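This report describes how the chains of one model meet and how a sheet within it is arranged. The sequence and structure are shown first.

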Amino acid sequence: MRRVAEWATTAALAFVVFLVLSSFTGKWGVWASDELLAGAVIALLVGLATGRFAWSRGGWRLLQPHRWVLFLVYLVGPFLYAMAKANLDVAWRVITGRINPGIVRFNPGLRTDFGRTFLANSITLTPGTLTVDVDDGSGDFYVHWINVKDPSPTADEVCGPFPRWARRVAE
Amino acid sequence: MIVALPLAAAGLALVGFILVCMVRLSIGPTAADRAVALDTINTLVVATMVLLGAAFNLVVLLDVALVYALLSYVGTLYIARYLEGGLG
Amino acid sequence: MNGLIYAFLAIGTAFNALGAVALIRFPDVYTRIHGATKCTTFGSIFSILAVAVHGIVQGGAAGGTMAVRALLALVFLLLTNPTGSHALARGAHRAGIKPFRAVVDRLEEAGHRSPVTRHGSKETQ
């Protein structure tokens with residue numbers, strides 16, 4: 001039963017992505033019928049092939065709609081701001097060549113795969129930090145920091161509010 | 001036929017940046033440097049394809065850009081795996 | 001709307017140029033990943049947003065297709081770029097490349113305790 005639910009959910013999501021990709025292909029409607037048929041067949045195959053990987057280890061939480069709203073808020077709010085700041089920071093360092101790099105370790109206390117992936121990607125795209133490795137067992141993040149202020153920092157010093165956002169959106 | 005000149009000009013500028021990245025691709029002291037340069041070039045190629053697809057009004061180029069983005073990501077992951085010695 | 005397209009194109013081109021310069025100018029592979037990933041992702045996002053606005057302005061089926069596919073390309077770039085650069089950084093560190101003038105390297109001290117593949121032999125057997 002659980003298997004069936006897993007692959008059906010994956011197939012439905014794949015079909016939604018296909019609908020977005022093939023929109024505006026129909027003559028009077030939005031989708032052409034042969035596109036819909038091909039998409040349904042391919043989505044079923046994709047669901048059968050990958051359904052059992054997608055939802056293990058708490059991944060089903062990502063189906064709750066309020067997380068999507070939070071994710072969009074995060075994307076246009078703090079994330080876009082931090083990313084713009086990151087780019088100006090890189091510009092400053094390219095011009096002056098002033099760097100003080102090192103690889104530091106900290107533990108944000110995230111447990112699920114999706115939460116860790118979310119935080120790692122956010123860290124990579126925001127100011128001065130780049131995720132190099134994640135310890136799968138303890139959840140330690142190893143981060144290349146371009147301007148080390150403290151060799152043993154806390155999560156707040158390295159990435160500010162992002163662990164809290166990761167917990168809200170993905171855990 | 002070019003229908004949007006500013007988009008075509010931006011695409012041409014990105015081709016220039018790809019050439020700059022190719023300098024790093026050829027002189028990079030280690031294999032990892034070359035892989036980073038290749039990854040950067042892949043991103044720029046996707047952006048160039050999207051810009052030129054809009055400039056020449058060819059939707060096919062945008063489809064190619066989507067496929068290129070996903071396949072180049074898989075290629076980057078394979079190169080990274082090779083770097084850490086996991087393919088042997 | 002044309003002003004918006006020009007602004008997005010200018011921002012996108014400028015940050016892509018910055019990414020290329022960072023790739024040439026920074027001293028070691030990790031800092032190069034910093035510059036190249038951040039700047040080209042940001043620049044490409046704005047270039048692609050310009051194309052999406054262009055498609056919406058153009059309107060009709062062709063413009064709508066263009067806008068939707070451009071936005072999908074944006075989503076893919078935003079998801080795949082940081083993951084790929086993280087994989088490259090990890091591969092470089094495991095290949096034994098030291099960070100340039102690093103004041104601290106906790107990963108070297110930890111000695112790569114995390115296994116290469118967690119979903120490996122233990123779970124599939």
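Which strands of chain A does H3(C) lie across, and at about what angle to E2(A) does it run? In this predicted model, H3(C) crosses E2 and E3 of chain A, and its direction makes an angle of about 65 degrees with E2(A).

**The sheet of chain A**

The strands that H3(C) lies across, E2 and E3 of chain A, belong to an open sheet of 3 strands with antiparallel pairing, arranged in the order E1-E3-E2. Its edges are formed by strand E1 (102-106) and strand E2 (129-134) of chain A, each of which pairs on one side only. On average, and with direction ignored, neighbouring strands of this sheet are turned by 30 degrees against each other. Strands of a sheet pair through backbone hydrogen bonds, in either a parallel or an antiparallel manner. Here, E1(A) and strand E3 (residues 141-145) of chain A run antiparallel and are joined by 5 bridges. Within this pairing, Arg105(A) has Tyr142(A) of E3(A) as its bridge partner.

The domain assignment divides chain A into domain 1 (2-56) and domain 2 (63-170). Between the C-alpha centres of these two domains of chain A the separation is 32 Å.

**The contact between chains C and A**

Chain C contributes 40 residues to this contact, and chain A contributes 33 residues. On the side of chain C that touches chain A, at least two residues are supplied by each of helix H1 (2-25), helix H2 (29-58), helix H3 (60-94) and helix H4 (106-110) of chain C. H3(C) provides the largest share of that side, with 12 residues.

**The contact between chains B and C**

A further contact brings together 42 residues of chain B and 46 residues of chain C. Helix H1 (5-27), helix H2 (31-55) and helix H3 (59-83) of chain B each give at least two residues to the side of chain B that touches chain C. The largest share of this side, 14 residues, belongs to H2(B).

**Composition of the two sides**

The table lists the residue classes for one side of each contact.

| Side | Nonpolar | Polar | Charged |
|---|---|---|---|
| Side of chain C that touches chain A | 20 nonpolar residues | 12 polar residues | 8 charged residues |
| Side of chain B that touches chain C | 30 nonpolar residues | 6 polar residues | 6 charged residues |

Chain C thus takes part in both contacts, with chain A and with chain B.

Technical notes
Residues are numbered from 1 along each chain as its sequence is written. Chains are lettered from A and ligands numbered from 1 in the order in which they are written. This is a predicted model: local features need pLDDT of at least 70, side-chain atom pairs count only at pLDDT 80 or more; totals for chains, interfaces and linings use all residues. Domain bounds come from an automatic or database domain assignment. Two residues are in contact if their C-beta atoms, placed from the backbone, lie within 7 Å. Helices (H or I, at least four residues) and strands (E, at least two) are DSSP runs, numbered from the N terminus. Ala, Val, Leu, Ile, Met, Phe, Trp, Tyr, Cys and Pro count as nonpolar, Asp, Glu, Lys and Arg as charged, and the others, Gly among them, as polar. Two strands pair if DSSP finds at least two bridges between them. Axes are lines fitted to C-alpha atoms, for helices over the stretch in contact, and angles run from 0 to 180 degrees between N-to-C directions.
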